[in-house]
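Me: Could you take a close look at the surroundings of the ligand in this model, and then set that part in the context of the chain around it? I would like one connected account.

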Amino acid sequence: MSSSTVSTQAIAPAEFFAQLAAEDIGPFVGVPCSLISSLIAYAVDHGQEVEYVNPVHESHAMAFAAGSYMATKKLPMVFMQNSGFGNIINPLTSLHQIYDIPAILLVTWRGEEGYGTDAPEHWIVGEHMEEYFRAFQLPYRVITPESWKTDLRDMKEEAMRTRKPTVICVRKGLFAKYESATVPGKQYEMTSADALKMIKSELQGSVFLSTTGMLSRESFTAEDTPDFYMMGSMGLVAGIAAGCAQYSDRRIVVLDGDGAMMMHMGLLPFIGARNYRNLFHIVIDNEAYSSTQGQPTVSPSVDFALAAKACGYASSVRVETAQALSAALKDLGNTPGPILLHVKVRSGNDHHIGRVSDKYTCPEVTERFSGNFS
Ligand SMILES: Cc1ncc(C[n+]2csc(CCOP(=O)(O)OP(=O)(O)O)c2C)c(N)n1
């Protein structure tokens, strides 16, 4: 592993995008990570200058980049958190690398110090990051404030010469702060914390699972019941819930996020077709990726209740106020599932609340949660 020198002069987002423009690199397409939140915030605020595209899954970003390259011959940049690197292996090896479609991948390096540092979901990928780049024949540079312009040019030239993807890997603290002037999403009445408190109290006695990021932390803070507090595998919580619902008679309540739900929206037809009567799926939609500093998602144009209905859920409802949420919980609480409740909340979470990992290890979460079924 290379040494983890913390940068002394952080790179200003404006300078980074000016360099991409000078090198004729774009669009800037991907799924967020907090390590590059200032870059994304700058891109969101400067739509005239930066072509920023926000698909719901890293593999979709790779697919989009392949299309944009063939249509323009311009080198796209696909950005992702290293936890999303696993999501691109298929389009990397069975699209870009075999069809000779280049791209520069900007991969952040969470968990650089390996086990025991950063949040648990980053330990394994963080420790083996460079081995993964080598295993997938990806030329890469871990960029620094001193070398980044040369690194970027070298990786661009290598990508264009070989017609294959290359990587720039980004450490924590590399980019200077940039606060966005844009607040994502509509200012709905409730916060996600308000909604979670009401849900956990109204649906007491259920088995809860919550999605990765702020929702698990907020659910844990609202009331620490023996839940499956997910800390990685973004978007897969409803799949885990389906596995539980199949083999238990308990009521299974899934607390999903809009970004997470859209990442694996294919779970809707799966759950709908399997017709789990004991599954209650709740999507807390703040129209943002709050966990990674609030970048906008594409959920303002999505009606999850309608989608669930079309996918075979038995009932689905959309609510926007505390009063409507309370009524829906009373109404749907004992209705046979699968049920989907789409709850609109405003973005902006309290990032100072506790972390599940400060109290439980991941294996302890598994053990505690499994106790619900014994
Ligand atoms: C595959 C993958 N890509 C990206 C991330 C980084 N990440 C963690 S949480 C999160 C946002 C989740 O958004 P949402 O489900 O809307 O919940 P919110 O954070 O708004 O509560 C992102 C992008 C990740 N953990 N895994």
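Reply: What follows begins with the shell around the ligand, goes on to the two domains, and ends with two pairs of packed helices.

The model is a predicted one, and the description below should be read with that in mind. The shell around the ligand holds 24 residues, of which Gly213, Gly257, Gly259, Ser290 and Ser291 come nearest to the ligand. Sorted by class, the shell has 14 polar residues, 9 nonpolar ones and 1 that is charged. Three elements, α8 (214-222), α10 (258-263) and β11 (288-289), each supply at least two residues to this shell, and α10 gives the most, with 3 residues.

The shell also draws on both parts of the chain, with at least three residues from each of domain 1 (13-170) and domain 2 (192-373). These are the domains into which the chain is divided, and their centres, taken over C-alpha atoms, are separated by 30 Å. Where the two domains touch, domain 1 provides 13 residues and domain 2 provides 12 residues. On the side of domain 1 that touches domain 2, the residues fall into 7 nonpolar, 5 polar and 1 charged.

Turning to the helices, two packed helices are described by the angle between their axes and the distance between the axes. Helix α9 (residues 237-246) packs with helix α11 (residues 267-274) at an angle of about 15 degrees, and their axes are 10 Å apart. Because angles under 35 degrees count as roughly parallel, α9 and α11 are roughly parallel to each other, and their crossing is left-handed. In this contact, Ala238, Gly239 and Ala242 of α9 meet Leu267, Phe270, Ile271 and Arg274 of α11, a set that divides into 5 nonpolar residues, 1 polar and 1 charged.

The other pair is formed by helix α3 (residues 58-72) and helix α4 (residues 89-99), which pack at an angle of about 15 degrees with their axes 9 Å apart. That angle therefore makes α3 roughly parallel to α4, while the crossing of α3 and α4 is right-handed. From α3, the residues Ser59, Met62, Ala63 and Ala66 take part, and they meet Asn90, Pro91, Leu92, Leu95 and His96 in α4. By class, the contact of α3 with α4 consists of 6 nonpolar and 3 polar residues, with no charged residue.

Methods
Residues numbered from 1 in each chain as written. Predicted model: local features only at pLDDT ≥ 70, side-chain atom pairs only at ≥ 80, totals over all residues. Near = placed C-beta within 6 Å. Helix = DSSP H or I, 4+ residues; strand = E, 2+ residues; numbered from the N terminus. Nonpolar A, V, L, I, M, F, W, Y, C, P; charged D, E, K, R; others polar. Domains from an automatic or database assignment. Axes fitted to C-alpha atoms, helices over the stretch in contact; angles between N-to-C directions. Parallel < 35°, antiparallel > 145°, perpendicular 65-115°, else oblique. Left-handed = near helix turned anticlockwise from the far one by under 90°. Contact = placed C-beta atoms within 7 Å.
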